Amino acid sequence: MNAHEIDYHLYGEEMQYVEIELDPQEGVVAEAGSFMMMDDGIKMETIFGDGSTKNEGFLGSILGAGKRILTGESLFMTAFYNNVVGKRKVSFASPYPGKIIPIDLTDFGGKFICQKDAFLCAAKGVSIGIEFSKRLGRGLFGGEGFIMQKLEGDGMAFVHAGGTMAKKVLQRGETLRVDTGCIVGFTQDVDYDIEFVGGIKNTIFGGEGLFFAKLQGPGTVYIQSLPFSRLAGRVLASAPQGGGKQKGEGSILGGLGNLIDGDNRF
């Protein structure tokens, strides 16, 4: 498997986008909806699956698309090719505030495992497949279910982390316990399992869930400070309920309080 050799540059701090420079005949594949802008001369094509070389042919395309259904993603991906002489650029944006993480698969033995919605884009030739959990407890209680995404090949891939990203390099036998939703991805040598929080007070009143993700080295782990599910939950919790009252807005004066604090929507 030989992925296209792409160059890239990251822009921004909290709402990042990645600009990828394509030489003639080079290409990149991306999740539907992540496209931001491109130079003249780049051709866009919707494809089944990831378009990697091992999925060539009709049957291979169907199998590749079927794998994406299991991860909850769209049947289709979008490929961008430079069909002209000279370098051209195409950019892809983060779906919500956070960091874009460049992953050189050759540095990680040709494989990287990530949560189902973390993948943003990759060099043409990188395979975006599924990774089944072999442990019942992890599949039932691990937050990510039985299925995660795996990126395989020898090219560049880009994944997205919500909020601030932490990179942890674990030595052999070293253990890291993480909130299950905060995992972005990890290298193939990392042993991933779940662990019961323990303690009656922790279980009932802790508010952190019943299980930790237990990651044991050797390997590299990427952690996000703000999973999208947590962000969405806070937004929904603060949204107007019932008769349109806003949680946490205004004061004990109700509507008059909103007028005083400048919230004058009608």
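Student: Which residues touch the most other members of the largest nonpolar core?

Tutor: In this predicted model, Ile20, Phe92, Cys121 and Leu151 touch the most other members of that core, which has 39 residues. Residues are numbered from 1 along each chain as its sequence is written. Local features need pLDDT of at least 70 and side-chain atom pairs count only at pLDDT 80 or more, while totals for chains, interfaces and linings use all residues; side-chain values use heavy atoms, with hydrogens and water left out.

Student: What makes a set of residues a nonpolar core?

Tutor: The members must be buried Ala, Val, Leu, Ile, Met, Phe, Trp, Tyr or Cys residues, joined through side-chain atoms within 4.5 Å. Apart from the largest core lies another, of 13 residues, including Ile113, Met148, Ile183 and Val190. In soluble globular proteins, nonpolar side chains tend to be buried together.

Student: Which residues are in contact with Phe92, leaving aside its neighbours within four places in sequence?

Tutor: Contact means heavy atoms within 4.5 Å. On that basis Phe92 is in contact with Tyr17, Val18, Ile20, Val28, Ala30, Ser34, Phe35, Met36, Phe80, Ile100, Leu120 and Cys121.

Student: Why is Gln25 called exposed?

Tutor: A residue is buried under 20% relative accessible area, exposed over 50%, and partly exposed in between (1.4 Å probe, protein chains only). Gln25 has 54% relative accessibility, and therefore counts as exposed. Gln25 is placed in the loop between strand E2 (17–22) and strand E3 (27–30), and has a positive phi of about 75° although it is not a glycine.

Student: Why is Thr164 called partly exposed?

Tutor: The relative accessible area of Thr164 is 48%, so this residue falls in the range between the two limits. Thr164 belongs to the loop between strand E13 (156–162) and strand E14 (165–170). Not counting residues up to four places away in sequence, Thr164 touches Ile223, Gln224 and Ser225. The C-alpha atoms of Thr164 and Pro227 are separated by 9.9 Å, with the two residues 63 apart along the chain.

Student: What makes a run of residues a helix or a strand, and how many of each are there?

Tutor: Both are DSSP runs numbered from the N terminus: helices (H or I) have at least four residues and strands (E) at least two. The protein chain has 5 helices and 19 strands. Pro218 lies in the loop between strand E18 (211–216) and strand E19 (219–224), and the peptide bond from Gly217 to Pro218 is cis, with omega near 15°.

Student: What percentage of the protein chain counts as buried?

Tutor: Of its 266 residues, 42% count as buried.
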